[in-house]
Amino acid sequence: MPRDLATLNARFGQDAETALRFSLSGALGEIALVSSFGADSVVLLHMVAQIAPQTPVLFIDTLMLFPETLAYQRTLAEKLALRDLRVIGPDREALFADDPDATLHRAAPDACCDLRKTRPLAQALQGFDGWISGRKRMQGGARADLDLFERDTASGQTKVNPLASWDVRQIAAYIDRHDLPRHPLVAKGYASIGCAPCTGPVAAGEDPRAGRWRGQDKTECGIHIQDGRVIRRKAS
Ligand code: SF4
């Protein structure tokens, strides 16, 4: 089994679907897809549903999502016949202790993301050898030099970013080619969609993630950890 990341990255280059097939073949062990059911998520969800529909799909319901996201999640799960959708969320006791009035995102967004996203995901990923994410280099910031395959040295898990090299045009072309439903907020200018209090629309030509935590020195939720540390580089 080739576990050397440089070998894997050289072998698959920018071929998203072949890299995904390899990752879902068992060659990397037990793999889950982590999906936000956001603006671009349908691409990877559709690919995974075609290649290996039994793949566990982890969806983090932070309890702060747009109702449109929850409805879209249900629509896609049914349309794509996802067989192992796992809705995960924050621990209720921790939520009651640390964010009882759901305002932590205003005072301490990093702590809020840790409570509502990072910790639940870390727990849900226990037992997996790796996970697939929809991150892309075009999203800038810490993602600008993203590789197809990465490793979290703290957990030892492999992270697969099949769409690392994809751009807006490729995403749109794939959605059109397969006649897939779009997230309803995309038509309202939301290019990247997370929790409702921390997400807004973007203007034409803006960075797709400019609407996330707008006005704050924060560009990542903390889920994406490299070498045991959270990446906090500001988007360019
Ligand atoms: S995106 Fe905002 S509301 Fe959602 S977990 Fe992070 S800080 Fe909290």
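## A first walk through the model

Let's start inside the sheet, at strand E1, which covers residues 31–34: Ile 31 and Leu 33 point one way, Ala 32 and Val 34 point the other way, and all are buried. That fits a familiar pattern: in a regular strand, side chains alternate between the two faces of the sheet. Keep in mind that what you're looking at is a predicted model.

**The neighbours of E1**

E1 has a partner in strand E4 (residues 130–132), and the two pair in the parallel sense over three bridges. If you want a spot to click on, Ile 31 stands opposite Gly 130 in E4. E1 also pairs with strand E2 (residues 57–60), again in the parallel sense, this time over two bridges. Here Val 34 has Leu 58 of E2 as its bridge partner. To get from E1 to E2, the chain passes through helix H3 (residues 41–51), and this β-α-β crossover is right-handed.

**The whole sheet**

Now zoom out. Six strands make up an open sheet, in the order E3-E2-E1-E4-E6-E5, and the pairing is mixed. Strand E3 (85–88) and strand E5 (149–151) are the edge strands, each pairing on one side only. On average, neighbouring strands of this sheet are turned by 30 degrees against each other, direction ignored.

At the E3 end, E2 and E3 run parallel and are joined by four bridges. Ile 60 stands opposite Ile 88 in E3. The chain goes from E2 through H4 to E3, and this β-α-β crossover is right-handed.

As for the protein as a whole, it has eight helices and eight strands. It has 236 residues, and 39% of them count as buried. How much of the contact network joins residues at least 24 apart? Taking contacts between residues at least 6 apart in sequence, 72% join residues at least 24 apart.

**Around the ligand**

Which residues are closest to the ligand? They are His 105, Cys 112, Cys 113, Cys 195 and Cys 198, out of 13 residues that surround the ligand. Helix H7 (residues 109–124) gives the largest share of this shell, with five residues. Sorted by class, the shell has eight nonpolar, three polar and two charged residues.

**Two unusual backbone angles**

Two residues are worth a look for their phi values. Phe 37 isn't a glycine, yet its phi is positive, at about 50 degrees. You'll find Phe 37 in the loop between E1 and H3. Ala 81, also a residue other than glycine, has a positive phi near 55 degrees. Its place is the loop between helix H4 (67–79) and E3.

Is Phe 37 buried or exposed? Phe 37 is buried, because 25 other C-beta atoms lie within 10 Å, and 20 or more are enough to count as buried. Ala 81 is exposed, because it has just 9 other C-beta atoms within 10 Å, and the cut-off for exposed is 12 or fewer.

**Far in sequence, together in space**

Some pairs of residues are separated by a long stretch of sequence. Here are two of them, with distances taken from C-alpha to C-alpha:

| Pair | Apart in sequence | Apart in space |
|---|---|---|
| Gln 157 and Leu 28 | 129 residues | 9.4 Å |
| Ala 6 and Asp 147 | 141 residues | 9.4 Å |

Where does Gln 157 lie? Gln 157 sits in the loop between E5 and strand E6 (158–160). Despite that loop position, Gln 157 counts as buried because it has 22 C-beta neighbours inside 10 Å. Leaving aside neighbours within four places in sequence, Gln 157 is in contact with Leu 125, Phe 128, Asp 129, Gly 130, Trp 131 and Asp 152. Gly 130 has come up before: in E4, Gly 130 stands opposite Ile 31.

Ala 6, from the other pair, belongs to helix H1 (residues 5–12). Ala 6 is exposed, because there are 10 other C-beta atoms within 10 Å.

Notes. Residues numbered from 1 in each chain as written. Predicted model: local features only at pLDDT ≥ 70, side-chain atom pairs only at ≥ 80, totals over all residues. Pairing = 2+ DSSP bridges. Right-handed = clockwise from strand over helix to strand, strands pointing away. Near = placed C-beta within 6 Å. Nonpolar A, V, L, I, M, F, W, Y, C, P; charged D, E, K, R; others polar. Axes fitted to C-alpha atoms, helices over the stretch in contact; angles between N-to-C directions. Contact = placed C-beta atoms within 7 Å.
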